[in-house]
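This report goes through selected features of one protein model, from its nonpolar cores to single helices and strands.

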Amino acid sequence: MNAVEIEQAVSELAEAPFDAAEFPYAFLEAFGNKATTIKILKSGKSNNTDIDGAVLQRNNIHIKVCSEGQVTDTLKALRESPATARQKAKYILATDGVTLESERLIDGETLVSEYTRFPDRFTFFLPLAGISTVRQIDESAFDIRATSRLNRLYVELLKTNPDWDTEERREELNHFFARLIFCFFAEDTNIFRSPTLFTATVEQFSAKDSSNTHEVISEIFRAMQVKSNEKNRKAAKLPSWADQFPYVNGGLFGRTAGLNPAAQTVPKFSKIARSYLLHVGNLDWTKINPDIFGSMIQAVADDEERGALGMHYTSVPNILKVLNPLFLDDLREKLAEAGDNTRKLLNLRNRMARIRVFDPACGSGNFLVIAYKEMRAIEAEINKRRSEADRRSDIPLTNFRGIEIRHFSCEIARLALIIAEYQCDVLYRGEKLALAEFLPLEANNWITCGNALRLDWLSICPPTGEQVKHRADDLFSKPVDQAEVEFENEGGETYICGNPPYLGSKWQTAEQKADIRDVCAGRTKDAKSLDYVCGWLMKAADYGTHTNSATAFVSTNSICQGQQVPILWPLIFDTGSEISFAYTSFKWANLASHNAGVTVVIIGISNNPGNKRKLYYASDDGSIDIRVSDKINSYLVPHTQVWIEPSREPRAGLSSMLFGNMPRDGGHFVMASDDRRKVLIDYPELSPYVRPYLGSEEMIQGKTRWCVWIPDEKAEYATEHPFLRTVLDSVAKVRSKSVAASTREFALKPHRFVQIAGTAHRHSLAVAKVSSEKRPYIPVDLLDGRVIVSDLLFALYDAPLWNMAIIASKLHLVWIATVCGRMKTDYRYSNTLGWNTFPVPVLTEQNKADLTRCAEEILLARESHFPATIADLYDPEKMPDDLREAHDRNDETLERIYIGRRFKNDTERLEKLFEMYTQMTAKKSGGVQPRRKRSSS
């Protein structure tokens, strides 16, 4: 269950009549316990309590329902219960149906609440569902509750109004919800001048059977599009109860451009929907976080995303990782430099008033909202130092522009900015001034609905002195209807930011592939290999050729690894943009239970990056370090730009790494252990011809397969042997029907594999082509010389064992992850791109002896845990201490060969490797590394 689903279940539990006998089980079910688990608990089999009437679930919670007025004493008894400690309970909870008290035992945090109000603090219990209650989740408790209740209302209205479940009417339903959200916020923040005015009016003047609820809401909405002067109000003939509502408009309550006027009504309500509406209205909307709420609520209107409701949450600290180095840090530095100098403070304020922030994948506007709020905080400090604390803000909302493909998200983005503006006015200028200037809303819209890769960004956020072409004259207009709306303050800086959709090439739709192809048209024929996010980077770089701008996007780390690097980055650099700052790989988490999040990077590009470029990276101890450099290359290393090109041979004295062997046999050469045993019982003379056959799965999972292996000199023998002749006939038949000419040719040589890279006399070192990113090292193993290595492995035949020490090092893993890239999130190994290019110092015989000893220690540590497999041994949570220590000694031995000490972190490792690679390739090319030649269409 996700956080929104849990909130809904907990709220329903608190709203239902209290059932003392059922409460403990209903509570556990609300936090994701399955029916079978509850059934066993009720039977007493898994109830480990030592208190009569209590329920204790091991490693979870100890619950007791008590008599009225006995809650505190009961909680004390639960705390002192030996079973609580013995069964490692995380929580204790006591309730009498009137009051509820609980304690989180790990940190002593307590909760005391009226029973019906305990859902307000449901985040306190989220660890029971495997969701970590980090501060940002606790802070978003209101937003989760509001999202949950609005989602219930949305679904119920669709049930009641099935004719609205069309593209056109669904869009109108989205508009309706945007209006509702504004009303809920306005009535709780005195914008309507009377607390709960909207909710109370609906409750009082709509029938309890809900028959006229839609009519009452329609009249309220109509009132808010009628100007407040007496003439207009009288002409509108508003009911007295609707006439209390102020003029709002700004396009929010007017007719929606582009939609059928007849369709612009309020949906009809069922009794359930009316109840949901009132429940939503009774929440305290003063607690809304527009940056958080928007990113959660956007999933309500999307059928496909509703299953992940509440999980699309980007934390403020993560957003600031983008915005701070992009431009906010510079503003804060200038504020510090200005001190109390009124002239410098005024110059800074004037500069900020002209800054434009543009998010071309803005979703619900969270990046724009955070940028606005942070800039208002800086401006407030300027005004305070200039003794102008009450001054109206000079930062216009119209300078915060966005593009978003989903209608509902566009509307929520604008609302979020409006709410953020009001909250900032209240915070920095006081409620009186904020209210005086808030209404009516301005009619200008700053969020364009459309496909960002198909729209002209220069027409949406134009260079200084040019007109805006794609703008809306109210919130709900489509681009084709939009009028021109100028920036209020021309001549400023433009900062592009956001978190565009990632989508690797394999997951893109035909339309998305066409988007990327068109963005890169005339520049490369390899656009089909690029992630979808690359389109945004390319558009941003093109934008920078027309005006001074800086960009920072969140992206999957794949665009700085492997094959995408030499495709994308020459195009970016050819526009004049360079990398100005970056965050190396980190987890971009959401609120899903047990979800570690996707691995991302943050990349800033600019056509004026300066010579102090910051690289943010996680050190081995988990802390964030900053490296200042005059250059950052496309692999996110503080080093000059270099393209890692495949090499046919190892360049640093390493042994050759070859492909494994490919049979193309239709499966007739390969057999399981049982089949081998049966064959050898009937034909014991075939033992030399049936050999172990290993691919990645067999090596990593410890599985066994066998294959028929016939040397060329034994081909005649095989054709005469009764069993082997049958196998060869089957292989020849399969190959003769192949669509590949090269395979059909081998129908004449059915005794042998089609591709034979090599075999060993003594041993092979086998390396997995694909490996889970969770493993701390690349899987490599020492195989007996009889083993036939399949094409799913790479092999070093009869290579010295010190090669294994290099492959099994952290240093090599970092190189492979960077230059070879990923398959989904797994490491994808390449012999030509990863091994043959790997820089190694000249190894002395002593170095080789030391590394050989390290490899032996790794193998011995593995052997001591037989029959554990590589998959078992290299599970990061279960890796044996002696094996981890053996690898640690190997890492230290190897790294001391490189720099005489351990590297501090992966960034330092890569910096050294790139330095050595540059030197290595320069020697080969006579001192200059050749510039990569880009393919053109």
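The text below covers the cores, one helix, one strand with its partners, and one open sheet.

The model is predicted.

**Nonpolar cores**

The largest nonpolar core has 114 residues, and the members that touch the most others are Trp457, Trp569 and Ile806. Helix α21 (residues 533–543) is the top contributor to this core, giving eight residues. Trp457, leaving aside neighbours within four places in sequence, is in contact with Phe358, Pro360, Ile403, Ala452, Pro462, Ile496, Trp536, Lys539, Ala540, Tyr543 and Phe553. Another core, of 109 residues, lies apart from the largest one; Leu348, Met352, Ile395 and Ile412 are among its members.

**Helix α15**

Helix α15 occupies residues 342–353. Its twelve residues should span 16 Å at 1.5 Å a residue, and the end C-alpha atoms are 16 Å apart, which agrees. At the start of α15, the backbone nitrogen of Arg343 has a side-chain oxygen of Asn341 within 3.0 Å. The buried residues of this helix are Leu345, Leu348, Arg349, Arg351, Met352 and Ala353. Two of these, Leu348 and Met352, also belong to the 109-residue core. An α-helix has 3.6 residues a turn, so residues three or four places apart point the same way. The cover over the buried residues of α15 includes α14 (316–338), α16 (366–385) and β9 (494–498).

**Strand β19**

How many of the six residues of strand β19 (residues 763–768) are buried? Six of the six are, so the strand is largely enclosed by the rest of the structure. In a regular strand the side chains alternate between the two faces of the sheet. In β19, His763, Leu765 and Val767 are buried on one side, and Ser764, Ala766 and Ala768 are buried on the other.

The table lists strand pairings of β19 and of β16, with one residue pair for each.

| Strand pair | Sense | Bridges | Residue pair |
|---|---|---|---|
| β19 and β21 (residues 780–784) | antiparallel | five bridges | Val767 and Val780 |
| β19 and β23 (residues 793–797) | antiparallel | five bridges | Ser764 and Tyr797 |
| β16 and β18 (residues 706–708) | antiparallel | two bridges | Val670 and Cys707 |

**The open sheet**

Strands β16 and β18 are part of an open sheet of four strands, in the order β16-β18-β17-β22 and with mixed pairing. Which strands stand at the edges? They are β16 (670–671) and β22 (788–789), each with a single partner strand, so one side of each has no neighbour in the sheet.

Conventions
Residues are numbered from 1 along each chain as its sequence is written. This is a predicted model: local features need pLDDT of at least 70, side-chain atom pairs count only at pLDDT 80 or more; totals for chains, interfaces and linings use all residues. Side-chain values use heavy atoms; hydrogens and water are left out. A nonpolar core is a set of buried Ala, Val, Leu, Ile, Met, Phe, Trp, Tyr and Cys residues joined through side-chain atoms within 4.5 Å. Buried means under 20% relative accessible area, exposed over 50%, partly exposed in between (1.4 Å probe, protein chains only). Contact means heavy atoms within 4.5 Å. Two strands pair if DSSP finds at least two bridges between them. The expected span of a helix is 1.5 Å times one less than its number of residues. A polar contact is a pair of N or O atoms within 3.5 Å; within protein, one must be able to donate a hydrogen and the other to accept it, and residues adjacent in sequence count only if both atoms are side-chain atoms.
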